Amino acid sequence: MHLYDSLIIGAGYSSLGYALKNGNSIIIEENQCADPNFYLSLKNFSYTECTPVTDLGKKLNSVFEKYNLFKDGFMCTNAFEPALCEFLINEDVEILLKSRVVNCKNLDDGTFEITVINAEGLNTIYAKDVIDTRPSKNAQKYLTVISMTENIDPAIKILSEVFENSTFEKAFYCDRFAMYLPAGTSDINEMLNNIHDLWLTAKVDAKILYVAPVFATKADKNNVLFPKDYNFSNPIEAFEAGVLFQGGAK
Amino acid sequence: MKLYTLKDNKLHITDATPDFSLVCDILCVGAGTAGIYAADSAAREGSDVILLEYSSCIGGMHVRGNVCMYYYGDEGGSYLEDEAKYNRDVFLAGNQQPETKQTVLYKRLKKSGVKIFCNHTPIGVYAEDNRVKGVQVLTNEGIISIGAKMVIDSTSDGHLIRMLPVEKSYGRKIDGKTVPFTVRTVYFANRCFMSINDDSGYINQYDKSDFSKKTILAHANSAKFIDKGEFINVASITGVREGLFFEGEDVIKLENILYDTPCEKTLFYAYSDVDKHGHDMALDEDLFQNWFVISNLSTVTASIKVPMGCVVPKNIKGIVTAGRCISADSYSLSSIRMNRDMFRMGECVGLACSMAVKNQCDFLEIDYPEYLAKVKERGCFKSNNQRIFGFANGSRNTYTPIVFDVEKNLHLLETTTPGAIIWSSYVSKNKEETAEIVYKKLLSSDNSLTKYNCAIALGIMNDCRALPLLREIVENRDSFRFTDCRRSNQLRTSIALCLLGRLGDKEDISLIEPLVFDEKEFLKEMYREEATEKYNPIYFDVFTHASMALIKLYKKHNIDTNELHIKFKNLFADDKIINRITSHPYGHPHFVEIYDFQKHVLKITRTRD
């Protein structure tokens, strides 16, 4: 019965940074890919400068730079994950994809017994510490919609009237823009359907290119013991925060 | 009542008294390609349907897996209406975009009244006296239990079936290998979505570590497409093609397809070729080799009867499957998993389940004529039950048959497309008579192409008069391929090796050994043809067929293979063979195939510690 130092829920950059630095960690991710916060949810496209200071951070950054994922003040968020995976295959980190935590029990000796559901059915994992990087249930969520048009400003004007409280920014490629819509429902399928119907009525000169398959989380730095990806706007920064983090979050 | 779960891949049974927080007629678990149409179909028949989905998005491989239409699978059924709705008013592309399909499918389900719950993961199955009563589910709010009169396992990998006491196995019999998985990468160029289907090696989706590692490796390999155009994404669902085999009330095997076995109650017709991915045919079963290798019929399509019993686990009531996890062996499954067929299968299963619930009977006890009338009305069942089995042309409306009177078609033995006549020889009712006819043709011909074709036709009929010419083919080996098919045409040298392995004498061992062990063999010019920087397909093919032929001859003639084992071990020791075949890295299917082949050879030749 192996006892991990840490079981980390969520394969975000801070989780990976922490796991790689500290070792003897296992990461549980419910999706079938890493980076659920930037790549999968298309969190943001604007680039915030971050020069890595750790060796691990520099290594990751070099892969991102190799693929030109930071350019002209933007991030090619769409392409983060394969680049991240290229970095990960050369690192020793245990990640279980398509895995969800069913139950977490605090044992008498202070360790944790965690039941996880995945490809093998139910698994029991033991760890000294559990770090949960998932957003809290009350966290504000939003959905990212990437669109294309030759006339971005007029399109944004129309859409901002149709989709209340939405915000916009240019995305990585030219003629692309991101619309960030507050999640009014927990069902992404229902939300996509509503977006479709409203878009039709809006008669806007723009087409939807891509909609994130998961909600993104708005930054919320209150009551956060572990640096969580959604509080960062640069994956390298999130990664380094994980590498540099001292102590677990109980 | 019992609760069946899987713990560390082992079946676990406990007593249970569930408190069902939700109850319905039909619980459909898995809102994927088949599951959506199963749920919708049942709801339209008046059933109260709940549809569960593990992820946040409905649609499965068809949607977030980025799988678009494929040229196989047959037309017909409700999905055709949906295809017509993939407009471009809002979304940029039609069926190339997941969002388009997701919206259309959502509207369909809402219209038919299906209750959809995403982020719901099945973790257990409730059953009483071998009848499934419901499912235990993990949600974002905790664990709940849902009761149902009928459960449809449309999880694509049979996650509910795995929790039940039914016989299961995985992959090809000889080595447990399944069809390679894929990772679809999407990029945008010239105002079009372009999708790359990258066969990414082999994955065991039932092994948590293997699934995770191989997925990450495949995604890393997709990084090479980042600068191809405007990179959109790697599909968020791993493209697994094959799941477990479970023992059903009926089982469909390759021979059922190839010999057109009668079927009392057909669920629906699938349409495809035997879609082998990968190149390690040297390890495949004899019947498959007869079809794919020796007769060179890789792209021949068949209309495949899928029996109703294939979706029903043996001796278990109250649950059926819909999708690519049915009771079918690895070979036949490769023919019954195409997109269009999965839509139709889902629709058929949903309809049948609804009938079962309405009539308070089991799935297999529904009124079959009534079922048939309904599915035909929906367009899911070809009204023409005639078996269509042949080379299809582009429009698929006309076919060239592949089974015929050998005597009347001997001229085909003079061509580079002898596949159909070779197969016709194999399936002829009177093989002795056919062999005589072919042998006469052989003797009367002075053309080596014709003579060799005749030898192959004799060989597939196990007629040893083929041997001298089969040996000649191997001695004079070259890169000649037959040209029956639009892809995957086989090397004549490999065909001859395959047959020699079955029919050969002890003396043939010394004929074949140099192809495997002689250092000079790889220097032959034939191995330069078709070779790229990364892969040498001819060498892989000849080496693997020769190796297996050698091993078969040893065993056939009761020679201890341990000496052979030592020779192979020395041969493989410095990765020389791998390096000759591929420079792809570990994880790539070409690498994995030769690497696993080597492991397999060492395993089956070892007789001593």
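The following dialogue concerns how to read strands, aromatic pairs and a buried loop residue in a predicted model.

Student: Where should one begin with strand β1 of chain A, and which strands does β1(A) pair with?

Tutor: One general idea helps at the outset: side chains in a regular strand alternate between the two faces of the sheet. In this model, β1(A) comprises residues 3-9. With strand β8 of chain A (residues 121-132), β1(A) pairs in the parallel sense over six bridges; I8(A), for instance, has I131(A) as its bridge partner in β8(A). Strand β2 of chain A (residues 25-28) also runs parallel to β1(A), and four bridges join the two. There, S6(A) has S25(A) as its bridge partner.

Student: What unit do β1(A), helix α1 of chain A and β2(A) make?

Tutor: Together with helix α1 (residues 13-22), these two strands make a β-α-β unit, and the unit is right-handed.

Student: Why is β1(A) described as largely enclosed by the rest of the structure?

Tutor: The description follows because five of its seven residues are buried.

Student: How is a pair of aromatic rings to be described?

Tutor: Two quantities are used: the distance of the centres and the angle of the planes. Over all chains, the structure holds 39 aromatic pairs. In one of them, the ring centres of Y142(A) and Y180(A) are 5.5 Å apart and the planes stand at 80 degrees, so this pair is edge-to-face. The pair links distant parts of the chain, since Y142(A) belongs to strand β9 (residues 141-148) and Y180(A) to strand β11 (residues 176-182) of chain A, 38 residues apart. Both Y142(A) and Y180(A) are buried. The rings of F172(A) and Y173(A) have centres 5.0 Å apart and planes at 90 degrees, so that pair is edge-to-face as well. F172(A) counts as buried, at 16% relative accessibility.

Student: Which residues of chain B form an aromatic cluster, and where do charged ends sit over rings?

Tutor: One cluster is formed by F517(B), F522(B), Y527(B), Y539(B), F543(B), F568(B), F572(B) and F597(B). Over the ring of F522(B) sits the charged end of R528(B), 4.8 Å from the ring centre. Elsewhere, the charged end of R465(B) sits over the ring of Y439(B), 4.3 Å from its centre.

Student: Is N66(B) buried or exposed, and what does N66(B) touch?

Tutor: N66(B) lies in the loop between β4 (49-52) and α2 (79-83) of chain B. Its relative accessibility is 4%, so N66(B) counts as buried. Leaving aside residues up to four places away in sequence, N66(B) touches M61(B), Q96(B), P98(B), R184(B), V186(B), S195(B), N233(B) and A235(B).

Technical notes:
Residues numbered from 1 in each chain as written. Chains lettered and ligands numbered in written order. Predicted model: local features only at pLDDT ≥ 70, side-chain atom pairs only at ≥ 80, totals over all residues. Heavy atoms only, no water. Buried < 20%, exposed > 50% of the residue type's maximum accessible area, 1.4 Å probe, protein only. Contact = heavy atoms within 4.5 Å. Pairing = 2+ DSSP bridges. Right-handed = clockwise from strand over helix to strand, strands pointing away. Phe/Tyr/Trp six-rings, centres within 6.5 Å; stacked < 30°, edge-to-face > 60°. Lys NZ or Arg CZ within 6 Å of the ring centre and 35° of its normal.
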